[in-house]
Amino acid sequence: AQAMGGNRFRFYAPEMNERAMQLFTLESDLARAIEQGELCLHYQPRVNLESGAVRSAEALVRWRHPQRGMVPPGDFIALAENSGLIVPLGAWVIREVCRQQRAWIDAGLQTAVVAVNLSPRQFQDEHLVDEIRRALSDHGLDAACIEMEITESTVMDNAAEAGCKLNALKSLGISLSLDDFGTGHSSLSRLRHLPIDHLKIDQAFVRHLCSNAADAAICKAIVDLAHNLQLSVIAEGVEDAAQAAALRSWGCDDVQGFHFARPMPPEEFARMLAPEGQL
Ligand code: C2E
Ligand code: CA
Ligand code: CA
Ligand code: CA
């Protein structure tokens with residue numbers, strides 16, 4: 001880099017320049033995307049292994065970029081997290097889920113609980129609890145129709161504060177899931193004091209469930225641990241019938257994965273929701 005007077009620099013390493021520019025434009029595009037309505041949510045059903053019923057779904061954000069087409073969250077959530085844009089983005093996701101739930105109720109559909117992903121920065125944001133409360137009341141919704149997914153590492157990284165924040169969220173009446181479970185470092189004694197409803201087995205353990213005895217043992221141990229703590233278990237990334245059968249034999253409650261359904265647009269998910277009264 002060569003100084004151009006003041007604190008302005010010009011970069012001559014072409015790859016670095018290109019990479020930096022790409023991230024920079026993606027970041028400024030993202031700020032605009034939220035305002036211009038380029039974000040949308042897809043819903044991935046969770047299937048109950050005992051009844052086969054769909055009682056909940058996970059909301060997953062998608063970005064319809066005018067030039068780049070569909071941008072997956074893996075390409076922009078970390079960027080949003082680092083720049084702080086995740087806070088307005090996350091607030092949009094929460095409001096959009098509430099708006100959608102209200103629309104489904106008004107259409108006379110049986111509602112499913114919708115789970116929203118919370119990033120570390122959102123989880124730490126002091127306005128989070130109020131924002132969720134306001135989004136629910138603005139749409140006249142019962143808190144029971146919303147769930148928050150918080151990763152195990154987000155919760156275990158800032159131990160002291162996390163417990164208070166989870167209690168505040170829980171006191172709204174929403175349910176809470178510990179996402180990507182098994183990848184962080186949970187202290188079991190802490191886990192038992194957290195107001196958590198569900199553990200989500202990370203897909204890394206589900207992927208080789210049928211060929212790797214250690215992964216199978218981990219999945220089975222998580223199911224047993226959860227049940228002993230009176231929590232339910234959701235396995236994610238279930239891609240075939242053999243994985244589903246193994247999870248079912250261990251008593252896993254719900255599954256999510258391509259074997260059952262991919263994340264889908266709301267119109268498609270609505271077709272899986274039975275009219276109120278018939279299930
Ligand atoms: P996650 O919370 O672990 O979500 C599960 C990811 O696994 C989703 O990827 C989903 O499409 C994918 N998936 C579901 N079933 C299968 C399967 O059977 N096989 C495989 N290989 N993958 C499966 P997606 O939608 O690309 O989201 C990636 C990550 O982006 C999410 O991981 C989550 O951490 C983040 N994310 C998505 N939406 C939001 C959001 O609204 N807010 C925040 N903060 N993060 C989000
Ligand atoms: Ca999740
Ligand atoms: Ca996950
Ligand atoms: Ca994950």
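## Reading the ligand pocket and its calcium ions

Strand β4 gives the most to the shell around ligand 1, with 4 residues. The model is a predicted one, and the dialogue below starts from that shell.

Q: Which elements give two or more residues to the shell around ligand 1, and where does ligand 1 sit?

A: Happy to start there. Ligand 1 sits in the largest pocket. The elements that give two or more residues to its shell are β4, α3 (86–106) and β8.

Q: Which residues come nearest to ligand 1?

A: There are 22 residues around ligand 1, and Gln44, Arg62, Asn117, Glu239 and Phe258 come nearest.

Q: How do I read the polar contacts, and which atoms of Phe258, Gln203 and Asp179 take part?

A: A polar contact is a pair of N or O atoms within 3.5 Å, so look at backbone and side chain in turn. From Phe258, a backbone N or O atom lies 2.8 Å from an oxygen atom of ligand 1. Gln203 uses a polar side-chain atom, 3.1 Å from a ligand 1 oxygen. In Asp179, a side-chain N or O atom is 3.2 Å from an oxygen atom of ligand 1. As for cover, ligand 1 taken alone exposes 810 Å², and the protein buries 81% of that.

Q: Now the metals: what are the protein donors of the calcium ion (ligand 2)?

A: For calcium, donors are N, O and S atoms within 3.2 Å, and water is not among the atoms, so a site may look incomplete. Here the protein donors of ligand 2 are Glu58 (OE), Asn117 (OD1), Glu149 (OE) and Asp179 (OD), at 2.1 to 2.3 Å from the ion. Their spacing along the sequence is E-x58-N-x31-E-x29-D. The pair Glu58 and Asp179 links distant parts of the chain: Glu58 is in strand β4 (residues 54–65) and Asp179 in strand β8 (residues 175–181), 121 residues apart.

Q: Why do Glu58 and Asp179 count as buried?

A: Buried means under 20% relative accessible area. Glu58 counts as buried because its relative accessibility is 5%, and Asp179 does so because its value is 7%.

Q: Which residues bridge two calcium ions?

A: A good way in is to look for a residue shared by two ions. Asp179 bridges ligand 2 and ligand 3, calcium ions that lie 3.7 Å apart. Asp180 bridges the calcium ions ligand 4 and ligand 3, which lie 3.5 Å apart.

Q: What are the protein donors of ligand 4, and where does Asp180 lie?

A: The protein donors of this calcium ion are Asp180 (OD) and Asp180 (OD), lying 3.0 to 3.1 Å from it. Asp180 lies in strand β8.

Note on methods
Residues numbered from 1 in each chain as written. Chains lettered and ligands numbered in written order. Predicted model: local features only at pLDDT ≥ 70, side-chain atom pairs only at ≥ 80, totals over all residues. Heavy atoms only, no water. Donors = N, O, S within 2.8 Å, 3.2 Å for Na, K, Ca; no water. Buried < 20%, exposed > 50% of the residue type's maximum accessible area, 1.4 Å probe, protein only. Near = heavy atom within 4 Å. Polar contact = N/O pair within 3.5 Å; in protein donor to acceptor, adjacent residues only side chain to side chain. Areas by Shrake-Rupley, 256 points an atom, 1.4 Å probe, with all protein chains shown as cover. 1 Å grid on protein atoms, 1.4 Å probe; cavity = no way out; pocket = protein on both sides within 12 Å on 5 of 7 lines; lining within 4 Å. Sits in = over half its atoms within 2 Å of the grid points.
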